[in-house]
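Welcome! Open your viewer, keep the selection panel handy, and let's walk through this structure one stop at a time.

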There are 4 protein chains.
Amino acid sequence: MLKVGILGATGMVGQRFVSLLADHPDFEIEVLTASPRSAGKKYEDAAKWYLDIEMPESVKDITVVNTDPKEVEDVDILFSALPSNIAAKVEPKFAEKYIVASNASAMRMEPDVPLLIPEVNPESLDLIEIQQEKRGWEGFIVTNPNCSTIALTLTLKPIYDLFDIKRVYVATMQAVSGAGYAGVPSMAILDNIIPFISGEEEKIETETLKILGTLKDDSIEPAKFKITASCHRVPVLDGHTEAVFIELEENFDIEDIKDAMAKFKGLPQKLNLPSAPKKPIIVLDDEDRPQPRIDRDNENGMAVTVGRLRKDNTIENSLKYVLVGHNTIRGAAGASVLNAELIKETIL
Amino acid sequence: MLKVGILGATGMVGQRFVSLLADHPDFEIEVLTASPRSAGKKYEDAAKWYLDIEMPESVKDITVVNTDPKEVEDVDILFSALPSNIAAKVEPKFAEKYIVASNASAMRMEPDVPLLIPEVNPESLDLIEIQQEKRGWEGFIVTNPNCSTIALTLTLKPIYDLFDIKRVYVATMQAVSGAGYAGVPSMAILDNIIPFISGEEEKIETETLKILGTLKDDSIEPAKFKITASCHRVPVLDGHTEAVFIELEENFDIEDIKDAMAKFKGLPQKLNLPSAPKKPIIVLDDEDRPQPRIDRDNENGMAVTVGRLRKDNTIENSLKYVLVGHNTIRGAAGASVLNAELIKETIL
Amino acid sequence: MLKVGILGATGMVGQRFVSLLADHPDFEIEVLTASPRSAGKKYEDAAKWYLDIEMPESVKDITVVNTDPKEVEDVDILFSALPSNIAAKVEPKFAEKYIVASNASAMRMEPDVPLLIPEVNPESLDLIEIQQEKRGWEGFIVTNPNCSTIALTLTLKPIYDLFDIKRVYVATMQAVSGAGYAGVPSMAILDNIIPFISGEEEKIETETLKILGTLKDDSIEPAKFKITASCHRVPVLDGHTEAVFIELEENFDIEDIKDAMAKFKGLPQKLNLPSAPKKPIIVLDDEDRPQPRIDRDNENGMAVTVGRLRKDNTIENSLKYVLVGHNTIRGAAGASVLNAELIKETIL
Amino acid sequence: MLKVGILGATGMVGQRFVSLLADHPDFEIEVLTASPRSAGKKYEDAAKWYLDIEMPESVKDITVVNTDPKEVEDVDILFSALPSNIAAKVEPKFAEKYIVASNASAMRMEPDVPLLIPEVNPESLDLIEIQQEKRGWEGFIVTNPNCSTIALTLTLKPIYDLFDIKRVYVATMQAVSGAGYAGVPSMAILDNIIPFISGEEEKIETETLKILGTLKDDSIEPAKFKITASCHRVPVLDGHTEAVFIELEENFDIEDIKDAMAKFKGLPQKLNLPSAPKKPIIVLDDEDRPQPRIDRDNENGMAVTVGRLRKDNTIENSLKYVLVGHNTIRGAAGASVLNAELIKETIL
């Protein structure tokens with residue numbers, strides 16, 4: 001059992017970490033950090049619990065400490081659910097001694113930091129050695145992509161393995177939980193859509209290419225295709241929906257792509273990692289699926305569900321589909337946990 | 001004052017016709033038709049009223065008749081809110097004697113039937129003569145496009161006037177009222193999205209090109225660019241939102257497009273038609289607009305509101321924006337009423 | 001293992017029966033009935049599946065038969081999810097030979113028919129002998145109460161055991177699933193409340209008193225207190241919320257009532273019936289609970305959750321609380337299943 | 001024209017004040033105050049506008065000042081949309097010189113402060129003289145009740161004029177706008193109900209009795225009946241719904257009560273005050289009304305709509321009904337404006 005801590009344990013994603021790690025076969029929660037306001041309180045008292053599943057008994061009595069490297073010791077891995085501006089400051093300090101598996105965006109695009117989806121680019125872990133050497137750290141930072149990016153890139157991977165992608169257009173319909181518990185007021189979203197999520201389109205447009213890129217010397221050379229995004233908030237609790245249009249460089253048989261998606265497996269499946277979904281991509285034939293309320297929890301929220309996969313009638317060498325992924329599980333806390341499981345199995 | 005009737009007056013779109021025509025300066029409601037079940041009843045008793053504005057007093061006592069040409073006489077224009085399968089059968093019969101301004105999809109793609117957005121393609125009314133001659137009708141049928149298509153095409157028009165469009169990608173987020181009052185059960189859409197609307201994508205992909213096409217001999221030669229759509233139902237009462245990605249044939253200045261949209265006017269504005277919005281396209285600079293709940297009623301629901309207009313960072317010669325249009329006003333009943341106003345002013 | 005059938009297996013409550021019975025330790029689904037339209041089809045094809053959990057594999061290939069006693073044979077218990085008007089006609093025919101555990105309202109108030117909540121009035125099963133004798137049936141009918149009534153009456157029972165109740169006022173906030181899958185259009189309930197549910201108030205006002213009544217000779221003498229209800233539909237998927245005001249005949253200590261509720265157990269708990277919740281009533285101290293989304297699934301949807309239990313500040317000898325119960329589990333299919341489990345354990 | 005200011009002009013209720021006063025025939029907005037963060041900015045820049053109707057042109061350029069008596073001069077009436085804790089501190093200071101028409105709860109229950117609903121207790125304005133004398137103020141404070149209380153008490157008044165009320169039970173279903181723009185996170189209320197609103201039940205239980213009380217010497221002797229409330233937040237944007245159960249001291253004819261409600265008028269109607277609804281209470285016969293989305297805007301949001309008025313079947317001398325009132329218009333800003341109109345017409 002590795003000893004782990006959660007940085008920023010009281011927020012929405014922090015709580016997901018708690019719930020995913022409480023009964024984990026390989027990890028044991030030892031440390032929970034939060035802002036000074038919560039430090040010194042029992043977790044039970046510090047965290048207003050948001051999830052529909054109950055707070056695990058085992059964490060209730062843990063005393064929350066300030067998010068400060070001096071307050072933390074005797075852990076192997078720190079999971080970070082910190083806001084990006086705070087992550088930028090403290091994650092490097094933690095990485096001097098510890099492994100940091102971060103959901104924060106701060107370090108994702110650093111050249112020497114792996115931006116990891118275990119099924120897609122496990123080879124990006126090769127950057128760790130470069131990172132440690134360059135920065136003089138005993139520990140290191142591994143990040144997972146933005147919630148919308150993870151779901152999208154997982155579905156692009158089996159296509160990219162078969163064909164050269166020319167362009168990707170994606171319009172997202174994102175759940176309110178993505179903004180944190182109090183991020184979207186009900187007055188803003190009831191009977192409404194908000195067509196803007198700060199920084200989201202840029203993240204999709206850059207992170208996807210890094211993940212599907214190739215390791216060259218000391219850094220990742222991004223994939224060469226173009227990707228453009230339009231992001232929208234919708235009145236859905238959990239589960240991001242994405243309408244995806246892809247143009248390939250050549251003609252294709254849609255059944256080959258369907259087949260590749262449905263059969264797609266990666267290293268987590270081969271290694272049988274605890275959080276790995278059996279099928280990272282579930283392909284549905286129903287004409288009106290995937291739907292976020294029905295499909296977000298597929299494979300414990302770790303699978304991405306694809307439907308309406310069809311050849312484009314009007315634009316040549318193109319296809320369209322819709323995907324649903326759980327934004328705070330596969331798209332956040334679950335992603336970091338799977339990253340850590342891969343690190344444990346392949347590096348430690 | 002022209003005497004008008006409403007075919008299919010008790011449904012969602014029928015009620016919008018009633019509310020738009022009840023105090024109309026040029027039209028007077030004389031006839032309301034519905035299915036045999038409602039025939040013989042006062043409108044007040046036949047129609048379960050759905051709109052948030054009240055049923056106009058003037059229609060309450062009108063006796064509803066069956067949707068049958070034999071039951072209708074002494075009108076100038078019939079507005080059709082019929083379901084497509086019924087429209088296919090009865091609209092041609094009505095058109096033997098009357099002008100039919102139809103919101104139904106049945107006749108839209110007939111080569112000799114105008115598919116009219118008065119600001120965009122008023123010249124399509126030239127088809128009427130061809131239609132009457134070919135079919136031997138005293139009356140004629142003029143149709144308006146599908147709700148999503150109208151809003152989209154209105155915004156494409158000023159761009160298309162300036163530049164050659166190469167491709168359009170559109171992802172829609174459509175309000176539940178588009179499916180009729182009982183079309184979307186609450187169990188289906190609360191905390192959910194349904195990524196499928198039957199026939200909708202095909203309508204957008206074909207109607208748009210007919211509207212922006214050119215009259216050649218006896219029919220319309222469709223516009224030459226490519227358009228592809230992905231359509232989704234969202235938990236919003238009224239107002240369709242569309243994420244639009246456009247590739248042009250050449251480079252452009254985004255300010256020119258913004259300017260062209262904001263200044264765009266058509267024949268309805270010049271003729272000062274009663275239902276014509278002063279600005280058919282409202283362009284907003286706010287980073288988080290348009291929003292359906294806030295923008296659907298702009299210009300009495302007859303304007304399309306555009307926001308997030310931006311040059312695409314990643315795909316060359318491309319731009320992106322989001323639009324909101326009221327699906328049952330500008331996208332349905334209001335569209336037919338504006339069509340009829342144009343016909344009255346230019347043909348009768 | 002007893003062989004069971006489900007009458008009306010394709011609707012909302014029918015599907016709940018299917019999901020609760022598919023892996024039941026004592027019951028095995030042999031027969032699924034539906035309307036003639038579905039008869040002859042595989043269940044998988046006949047039922048548009050509504051639940052968020054998946055359709056059990058074991059029922060997919062069962063051929064649905066018409067809801068007609070001639071079509072059914074070789075079962076021990078029939079669970080009825082029939083609409084009330086159909087139940088009135090066919091349940092008595094089925095009861096000639098079979099045990100019918102019914103969720104329909106048709107027979108609930110018949111003097112010789114048990115209206116059973118196993119924790120509250122198991123002695124009502126004594127009516128079975130009377131029913132069989134009077135009607136000459138080999139089988140019999142046992143009913144469960146209306147969804148709102150079950151949750152309310154479960155919470156009244158421990159109070160009624162301690163004190164004489166004088167009056168109960170209840171205002172319900174009921175989930176849309178209570179009306180069936182297509183019962184509440186989204187246009188009716190988004191951003192809205194509907195303050196009327198046909199027949200619901202009368203059911204609460206009569207059924208509660210029969211359940212808490214006493215067996216006298218051949219029938220139940222209803223409890224003597226007064227109960228009045230106001231029922232409202234709210235935009236919630238599952239889980240009815242009820243605001244309850246109770247006046248007792250005498251003064252009381254609120255802690256005694258809290259204690260009685262929290263410790264309340266009945267025969268299902270003593271017999272350890274498979275569907276019995278460990279705690280039929282969960283009492284929460286949080287100031288803002290119970291909430292339907294968070295508390296409806298407590299104890300697999302079989303517990304009622306109570307909160308805001310407080311002495312009334314203004315009306316003497318009175319208390320107030322709010323409860324949440326899952327309307328299609330504890331309030332419908334789960335209730336019938338628990339009834340059948342009690343019958344199996346105590347009668348068969 | 002009287003010159004007026006709005007204290008706390010940038011919040012939800014402040015914006016309602018702005019929209020109601022911008023074109024008011026008797027009042028002219030001269031001053032807008034807010035917190036130091038907004039002071040010095042143009043209103044257009046200081047206020048993130050929340051309402052679906054547009055920000056009035058006339059206020060856009062007004063420079064917001066700090067909510068401090070030193071910053072305000074040359075006004076006749078100040079409308080207060082301040083949070084209660086701030087109102088407690090600064091309203092008395094403003095009242096030294098100005099008339100304060102307050103929506104805040106801080107001063108409502110002060111013995112010498114009118115808690116005014118102009119149709120119900122205009123005589124409470126007699127307290128002003130006592131208030132000024134006792135406190136040595138040139139100005140004075142008049143308050144309006146809590147949003148739920150106003151709607152309820154308006155409907156109680158015509159009943160109370162005819163009969164002795166014994167008890168009132170009320171369960172509220174309150175819109176999210178009542179908590180301010182960011183008061184209820186979407187994560188908290190989508191597919192959910194929150195059965196707690198801090199302080200709300202106490203306000204209903206005390207304010208109602210003060211309003212229906214009688215002026216005795218220097219203060220109001222509260223009405224003698226009992227009232228108890230249970231308050232719940234529901235996923236509705238605007239418009240509070242209340243289920244009301246009333247026991248009278250004697251038997252009654254329900255038609256008399258219906259008639260009294262429907263014909264009810266007060267001083268604002270007699271004086272024809274600008275914001276006075278023609279009918280303060282609208283009584284509907286439809287079995288499924290009132291509904292908040294449909295009825296909240298009746299009479300510009302200034303009427304309360306009542307439906308399901310019925311004699312109680314089970315509890316003697318009792319009746320039940322459901323009401324809907326617009327919480328931020330009749331229940332807040334509109335209430336204060338009507339108060340000020342009454343003051344202008346009868347005192348100034």
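Keep in mind that you are looking at a predicted model. Start where chain A and chain B meet: 30 residue pairs are in polar contact across this interface, both residues at pLDDT 80 or more. To see which parts of chain A take part, select elements that give two or more residues to this side, including β7 (165-174), α8 (200-211) and β10 (226-233). Pause on β10(A), which brings the largest share, 7 residues. Colour this side of chain A by class and you will find 25 nonpolar, 8 polar and 16 charged residues.

Next, zoom in on a charged pair. Select A:Glu201 and B:Arg308, whose side chains form a salt bridge at 2.5 Å, N to O. Between chain A and chain B there are 10 salt bridges.

Now show the whole contact, with 49 residues from chain A and 50 residues from chain B. Highlight A:Tyr169, A:Asp191 and A:Arg293: in chain A they lose the most area to chain B, together 16% of what that side buries.

For the last stop, hide chain B and colour chain A by domain: domain 1 covers 2-146 + 333-346, and domain 2 covers 147-326. About 2800 Å² is buried between these two domains, 71% of it from carbon and sulfur atoms. On the domain 1 side, pick A:Glu119, A:Val120 and A:Asn146, which supply 27% of the area buried there, more than any other three residues. Finish with A:Asp238 and A:Arg16, where the side chains meet in a salt bridge at 3.8 Å, N to O.

Technical notes:
Residues are numbered from 1 along each chain as its sequence is written. Chains are lettered from A and ligands numbered from 1 in the order in which they are written. This is a predicted model: local features need pLDDT of at least 70, side-chain atom pairs count only at pLDDT 80 or more; totals for chains, interfaces and linings use all residues. Side-chain values use heavy atoms; hydrogens and water are left out. Contact means heavy atoms within 4.5 Å. Buried area is the accessible area (1.4 Å probe) that two parts lose on being put together, summed over both. A salt bridge is a side-chain nitrogen of Lys or Arg within 4 Å of a carboxyl oxygen of Asp or Glu. A polar contact is a pair of N or O atoms within 3.5 Å; within protein, one must be able to donate a hydrogen and the other to accept it, and residues adjacent in sequence count only if both atoms are side-chain atoms. Helices (H or I, at least four residues) and strands (E, at least two) are DSSP runs, numbered from the N terminus. Ala, Val, Leu, Ile, Met, Phe, Trp, Tyr, Cys and Pro count as nonpolar, Asp, Glu, Lys and Arg as charged, and the others, Gly among them, as polar. Domain bounds come from an automatic or database domain assignment.
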